[in-house]
Each structure stands twice: as structure tokens, then as C-alpha cells.
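This report introduces a structure to a reader who has not met it before. Its topics are burial along a helix and contacts between charged side chains.

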Amino acid sequence: MKVTLLGAGAWGTAMASQAARQLREEDVCLWSRSADQLKAIAQSGENQAYLPGISLPKRLHLESDFDAAVKRLGVDDLLVVATPMSGLSETIARVLKIADHPLNIVWLCKGLEPTTALLPHQVVEREDRLHSHGIQHAYGALSGPSFAHEVGSGMPCALTVASSSERLCKIVQAAFHHGNMRVYSSDDLIGVELGGAVKNVLAIAAGIGDGLDLGLNARAAVLTRGLAEMMRLVKAAGGKSETCMGLTGVGDLILTATGNLSRNRRVGLELASGKSLDEILANLGHVVEGVLCAAAVGDLAKRLNVEMPITAMMGDVLAGKLQAEDAVKKLMGRDPKIES
């Protein structure tokens, strides 16, 4: 079995290492558009730009030729799109334009397309209609509570692969379910993807609360009521609300909202200190999906007539329409109601 990962960021690199622990190292390919980056990885034995301190498999196949990285795969192999949400559309389109046989494709990104509020699988479906040439590819999402550095280190982790294709789920499990990683399967693609998008926005809210020193009670309230918002949105979008009680919902929410490795949480902490969003993002130097998709989540909620006050307030804060302290006051000033 061969695996190709498109994107040599932290997450793509970590998952390449995980696959190489089970498969032959040379059967795992990590693609980057930057030949210089791959040269640096080959020389140092690690991805110092995105995953420093993690030694990579010595025979890991490093590839800067996009076509070669995709065309090495057969019908029983796995293609993993490890780009941010902003790169999903372009990457899938490139893959489908050159594919001449069915591929098994999963993506790792979490979020919504900012301009359309489309979920990742809807973006993929759009590109499939344009570029698949009638070939029936299998698609799915791989998500769950996971920091790249810990996965790269081989520490315990559990993820969920979601797809309508049982065969694809088994292929993903064959690639990644071994050692200290467990991979569960689900047929609720909507629930898995929306959980991964909403939890990033809620993690920013939790970070703001912690940064303002509002206490552990406040954090618990944000996470609990935020989870209720997530469940309402998933159900309205056609997913299963119970999916939110699993790894890709409450599991990922707890990790992202409380873990110090979380970039979304870090944004909230820095916003609470009075820094501007532009300054925060410049200092982080990495994509922060919660910032990119907050407005899109709010747009989707409005479209589906779903009440999501915490998410809406975060959208206003990130858009510069509301200060963090004022958002807290507005949330606490809402009328009493029945818990639901």
C-alpha cells in the first residue's frame, strides 16, 4: 500500500511519519511545492520550519513534482490532502485533472470555505463535478483531537475518518491505525466536518475568557454552551447531533480550547491582552482556521436559522466590530431561558 500526503506543513509531516511507522517508509510520499523545503528536510532529517524536533523516517519519499506524487498511487492506495482549508479547492482540482483512475482521497483540513460557507466535502463535490471526467473517486475527512507535534512524536491519539465509502474508511485505517493511533470510522461526514470547524471558533472564545482571567467556571460555561451551538448547527445541516459528543466534536473542542499548543486558543489569549488580530497572526506565522472560518460559520447559521450567540460574538470580535470585553458583557446580558 502506498500513501501520498499533499502538503508538508506540521500536520502533513506528522501524519506521514505515522503512516511510515506501519508501511514501508519508501511507500509514504510527502509532497511540497517547495523543493528547497524538501532539501532542508532531507539534510536535517526533520521539518524544522513546521515540526521542529521530530526526527522523520530516513527513507520517507520526498517529492516536489505534483503529478508524480499523485500518479504513483493505484486504486488501493491513499491520497491525503494536508493543506489548509484555503488550499483544498485548488489542490483537489489539480488532482482530478490528472487522475486517470479512481483514487481514495481524504482531507485533514478543518473549517469552511470563507467566501461560500461550504463544508470541505461540498468544496470537493464542486470540483469533482468540474474535473473528475466521470471517474468515481472515494472521498472522506480525517479529523479529531490531535496536535501535530504529539502525533509526530508517536504519542497516543484517536481520530475519526468519515465517509460514505466503507472501503475508503478501511484503507485509511490500514494506513494510520497502528501503534499509538486509533482511527474510528463514521458515515456522518457533515457532523465530523462541522465539529472540526465550530470547535476552532469556540477555542478562540475560551482563550479570550482565560486571557481576561474570567475563571474556570466561565470556561466550562463557554465550552458547554458552545457545544450546544455546535449540535444545533450539525442537526440543522443534516448531520447527526450525537456526532458532536465524539472525538471530532467535544473531544477536539476540549483539546483546542484548553491545550497550550492550540493556535486558536492562543489567538483568544492575545486578543484579551489588547493586541490587534493582524499583529497576533503575524507573530504566529501559521494558518489559524478559526479566524478564517468564523464569519462563514455565522453565515451558515443564519442561512439555517440556527441561534449561535457565542459563535456570532466571536465573528464580530474577529471582524473588529466588537471588543473582547464587550462581547462577554453582551453574552452575560442575554435574557434567561430554558437550557437546550
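A residue is called buried when its relative accessible area is under 20%, exposed when that area is over 50%, and partly exposed in between. The model described here is a predicted one.

## Helix 7: two sides

Helix 7 spans residues 166-176, and its buried residues are Leu168, Cys169, Ile171, Val172, Ala175 and Phe176. How are these buried residues placed when seen down the axis of helix 7? They fall within an arc of 160°, so they line one face of the helix.

The other side of helix 7 carries exposed residues, Glu166 and Lys170.

## Salt bridges across the chain

In the whole structure, a search finds 17 salt bridges. One of them joins the side chains of Lys240 and Asp187, with a distance of 2.9 Å from N to O. This pair links distant parts of the chain, 53 residues apart. Lys240 belongs to the loop between helix 9 (216-236) and helix 10 (247-258), while Asp187 belongs to the loop between strand 8 (181-186) and helix 8 (189-211). Lys240 has a relative accessible area of 36% and is therefore partly exposed, since partly exposed covers values between 20% and 50%. Asp187, at 54% relative accessibility, is exposed, because the cut-off for that class is over 50%.

Another salt bridge pairs Arg265 with Asp210, whose closest N and O atoms are 2.4 Å apart. Because Arg265 lies in helix 11 (residues 263-272) and Asp210 in helix 8, the pair ties together parts that are 55 residues apart in sequence. Are the two partners buried or exposed? Both Arg265 and Asp210 are buried.

## A further pair and a network

Glu307 and Lys337 also meet through their side chains in a salt bridge, at 3.0 Å from N to O. Glu307 is in the loop between helix 13 (289-303) and helix 14 (309-318), and Lys337 is in the segment after helix 15 (324-332), so this contact ties together parts that are 30 residues apart in sequence. With a relative accessible area of 39%, Glu307 is partly exposed, whereas Lys337 counts as exposed at 51% relative accessibility.

Which residues are joined into one network by salt bridges that share partners? They are Arg24, Glu26, Asp27 and Arg59.

Conventions. Residues are numbered from 1 along each chain as its sequence is written. This is a predicted model: local features need pLDDT of at least 70, side-chain atom pairs count only at pLDDT 80 or more; totals for chains, interfaces and linings use all residues. Side-chain values use heavy atoms; hydrogens and water are left out. A salt bridge is a side-chain nitrogen of Lys or Arg within 4 Å of a carboxyl oxygen of Asp or Glu. Helices (H or I, at least four residues) and strands (E, at least two) are DSSP runs, numbered from the N terminus. Buried means under 20% relative accessible area, exposed over 50%, partly exposed in between (1.4 Å probe, protein chains only). The arc is that of the directions from the helix axis to the C-beta atoms.
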